[in-house]
Amino acid sequence: ERGPMSSTHGVIGPLVYYKWKGIECVRTKPTVNKRRKLSINETKNRGKFAHVQKFLSRITPFIRQGFHNYNETQTAFNSAMSYNLKNAVESTEEGNLSINHTNLRFCKGMESPLTDIALTVKNNVLVCTWNYDKTLIKELEAWEFRSLLLLIPENPTNSIDGVILGNALCEKEEQLNLLGCSHNEKYHVHIAFVCIEHSNRKIDSTYAGTFVFQKR
């Protein structure tokens, strides 16, 4: 039902008052059968949502940088949820869920110009080096883009580690002391860049690969 009415908004009893294209409207509140058995697809979708939410909650500080203002109508975390639910979660026929790190993004913006990414570990220090496609950053002020280096442990009970707003893109290297990391743990490494000059310019996160940390 649509038509002129008072400027009441919200739920009153069984009715929901709202505005649509500048017109005051009212509709009945939908009934929810909480005892209804969920369909197979609904159960799977709820499982995926919970899995991605739990995974991303571990990297929230990086998401706040990488998905800030990605969608003006959503928080950074909700934007990351929407993107990774669609692109990064995988399930087997048995219903087991996993995150595809190749498709995972904790930062979304411009196409990544990075090439030849390499990881080396020496004396408990991770060194991530890269080159870049000069044609893709020709119009960028590369020194204004600072690194987000993210280490995600395979074991979800271990803590993440990383660098927020580290070296500039044009420096072609980022380092991280690994003494806070877990011995014999496998880490997935992702790298992205955000502009520090109060803009929303960002560069897509890229999966750099894995390494197993052995404390020496």
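## Report on a predicted protein model

Residues 24 or more positions apart account for 61% of the contacts with a separation of 6 or more in this protein, where contact means heavy atoms within 4.5 Å. The structure is a predicted model, in which local features need pLDDT of at least 70 and side-chain atom pairs count only at pLDDT 80 or more, while totals for chains, interfaces and linings use all residues. Residues are numbered from 1 along each chain as its sequence is written, and side-chain values use heavy atoms, with hydrogens and water left out.

**Overall composition**

The protein has three helices and twelve strands. Both are DSSP runs numbered from the N terminus, with at least four residues (H or I) for a helix and at least two (E) for a strand. Of its 216 residues, 36% count as buried; buried means under 20% relative accessible area, exposed over 50%, and partly exposed in between, with a 1.4 Å probe and protein chains only. The accessible surface comes to about 13,300 Å², and 48% of that surface belongs to carbon and sulfur atoms. Such areas come from the Shrake-Rupley method with a 1.4 Å probe, and for residues only the protein chains shown count as cover.

**Strand pairing**

Two strands pair if DSSP finds at least two bridges between them. The table lists four pairs, each with one pair of residues standing opposite each other.

| Strands | Sense | Bridges | Opposite residues |
|---|---|---|---|
| E6 (residues 114-122) and E7 | antiparallel | seven bridges | Ala118 and Thr129 |
| E7 and E10 (residues 173-177) | antiparallel | five bridges | Cys128 and Glu174 |
| E8 and E11 | antiparallel | nine bridges | Ile152 and His188 |
| E8 and E9 | antiparallel | five bridges | Leu150 and Gly162 |

The hairpin of E6 and E7 has two residues between the strands, and Asn123 takes a positive phi near 55° there. Strand E8 is largely enclosed by the rest of the structure, because eight of its nine residues are buried.

**Nonpolar cores**

In soluble globular proteins, nonpolar side chains tend to be buried together. A nonpolar core is a set of buried Ala, Val, Leu, Ile, Met, Phe, Trp, Tyr and Cys residues joined through side-chain atoms within 4.5 Å. The largest such core here has 25 residues, and Trp130, Leu149, Leu151, Leu169, Leu178, Phe193 and Phe211 have the most contacts inside it. Two or more residues of this core come from each of the strands E7 (125-132), E8 (145-153), E11 (185-195) and E12 (202-213). E11 gives the largest share, five residues. Apart from this core lies another, of 22 residues, which includes Leu56, Val89, Phe106 and Val194.

Leaving aside neighbours within four places in sequence, Trp130 is in contact with several residues, among them Leu114, Ile117, Leu169, Glu174 and Phe193.

**Surface and loop**

Ile164, Leu165 and Ile196 make a nonpolar surface patch of about 220 Å². Patches are made of residues with over 30% relative accessible area and no salt bridge; like charges are joined within 9 Å, and nonpolar side chains (Val, Leu, Ile, Met, Phe, Trp, Tyr) within 5 Å. A salt bridge is a side-chain nitrogen of Lys or Arg within 4 Å of a carboxyl oxygen of Asp or Glu. Leu165 lies in strand E9 (residues 161-168), and this residue is partly exposed because its relative accessible area is 39%.

Glu197 has its place in the loop between E11 and E12. With a relative accessible area of 43%, Glu197 is partly exposed. The C-alpha atoms of Glu197 and Phe145 are separated by 8.6 Å, although these residues are 52 residues apart along the chain.
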